[in-house]
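Reader: Please take one part of this model and look at it closely, then follow its connections outward as far as the coordinates allow. I would rather have one connected account than a list of features.

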Amino acid sequence: MSRKDTLVSRLPVLGDRAERKDVVSVVKLHGVITPQASPLAARGVINLASVESALKRAFGHERLKAVALQINSPGGAPTQSGLVAERIRQLADDKGVPVIAFAEDVAASGGYWLACAADEIYAHRTSLVGSIGVVTNSFGFARLLERFGIERRLYTSGEAKSRLDPFSPEKPEDVEWLNKLHTQLHDLFVEWVKQRRGSRLAESEELFNGDVWLGPKALELGLVDGLGNLRDIVKQRYPEAEIVVAEPKKPLLAKLGVGSPAAAVLDAVHHRSLWSRFGL
């Protein structure tokens, strides 16, 4: 062996050492769950498109021990909640690794739907957890139009096409239809929670009434498995593992600093209303 080869062989192989270290990936699911992507920030909303790249990175490590979901969401669109949760389960089953969810300020409604994609759920003692229910909110402008002498012209083909039109008087049959839809969605939500939580759920009439609870009460009801924060639990469970945050790809418009101010304001108002339901 030459002198050069001898020196090279004695050098520490930093790359190999890094590869040999176990990893716990962290995926941050922060924001309102909505199909409408934000042009300015992928981290401001949650939907399948915005988190797909982060999920792939999180589950892509060779020496992956677990994936941690850091959840801070007041909920939002039920379909996107289901799509993201199903994608998490698909990747977890393919990789054969456990998924642990950690509720921060709030994991409510669709946020709790996401948490149930995990094998275990932990909450801080001050976290708001639950809100297993369905809500629709809107405005009615029919009297406002009448006051200013504005005539509403609406043409449809199909009697149900203009249900819940905010510029027309509310119809009892429309409200009845919406209530039936809510019941169906609520049943699907309850079915998902029961499927994922199983016998850990307490026998309680208040469990699925749409209420939210602090961490200790959520633990009592079986909605979470324990109290604690991400770093403490992961360090205790995987003391030798490195915690790696899997960030989503940044949208192109965010990189360029381009976006619609008006759209941003409307999004902010809508998102603010969802957070404010939980005093946040």
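Author: Helix 7 supplies three residues to the lining of the second largest pocket, the largest share that comes from any one element. The model is a predicted one, and in it this pocket has a volume of about 420 Å³. Its lining consists of 19 residues, and those closest to the centre are Ser138, Phe139, Leu164, Asp165 and Glu170.

Helix 7 spans residues 172–197, and the loop that separates it from helix 6 (142–147) contains isoleucine 150. Together with Leu144 and Phe148, Ile150 makes a nonpolar surface patch of about 320 Å².

Helix 7 also takes part in a salt bridge, through arginine 196, whose partner is aspartate 119, with 3.7 Å between the closest N and O atoms. Because arginine 196 belongs to helix 7 while aspartate 119 sits in the loop between helix 5 (110–115) and strand 6 (120–123), the pair ties together parts of the chain that are 77 residues apart in sequence. The two partners differ in exposure: arginine 196 is buried, at a relative accessible area of 17%, whereas aspartate 119 is partly exposed, at 28%. The cut-off for burial is under 20% relative accessible area, so the value of 17% places arginine 196 on the buried side.

This pair does not stand alone, since Asp119 and Arg196 are linked with Arg89 and Asp93 in a network of salt bridges. Within that network, aspartate 93 and arginine 89 form a salt bridge whose closest N and O atoms are 3.1 Å apart. Both residues lie in helix 4 (residues 78–95), and because they are four residues apart there, about one helical turn separates them. Here too the partners differ, for arginine 89 counts as buried at 14% relative accessibility, while aspartate 93 counts as exposed at 54%. Side chains of opposite charge can pair when their charged atoms come close.

The structure holds twelve salt bridges, and one that links distant parts of the chain joins arginine 63 to aspartate 22, with the closest N and O atoms 3.3 Å apart. Arginine 63 is in the loop between helix 3 (48–58) and strand 4 (64–73), and aspartate 22 is in the loop between helix 2 (14–20) and strand 1 (23–30), which puts them 41 residues apart. In this pair both partners are partly exposed, arginine 63 at 39% relative accessibility and aspartate 22 at 21%.

Two serines deserve a look at the backbone. Serine 109, in the loop between strand 5 (99–108) and helix 5, has a positive phi of about 55 degrees although it is not a glycine, and its relative accessible area of 11% makes it buried. Serine 131, in the loop between strand 7 (128–130) and helix 6, is likewise not a glycine and has a positive phi of about 55 degrees; at 6% relative accessibility, serine 131 counts as buried.

As for the setting of these details, the protein chain has eleven helices and ten strands, and buried residues make up 39% of its 280 residues. Among contacts between residues at least 6 apart in sequence, 74% join residues at least 24 apart.

Conventions. Residues numbered from 1 in each chain as written. Predicted model: local features only at pLDDT ≥ 70, side-chain atom pairs only at ≥ 80, totals over all residues. Heavy atoms only, no water. Buried < 20%, exposed > 50% of the residue type's maximum accessible area, 1.4 Å probe, protein only. Contact = heavy atoms within 4.5 Å. Patch = residues over 30% accessible without salt bridge, like charges linked within 9 Å, V, L, I, M, F, W, Y side chains within 5 Å. Areas by Shrake-Rupley, 256 points an atom, 1.4 Å probe, with all protein chains shown as cover. Salt bridge = Lys/Arg side-chain N within 4 Å of Asp/Glu carboxyl O. 1 Å grid on protein atoms, 1.4 Å probe; cavity = no way out; pocket = protein on both sides within 12 Å on 5 of 7 lines; lining within 4 Å. Points joined across faces, edges and corners; volume = space filled by probe spheres on them.
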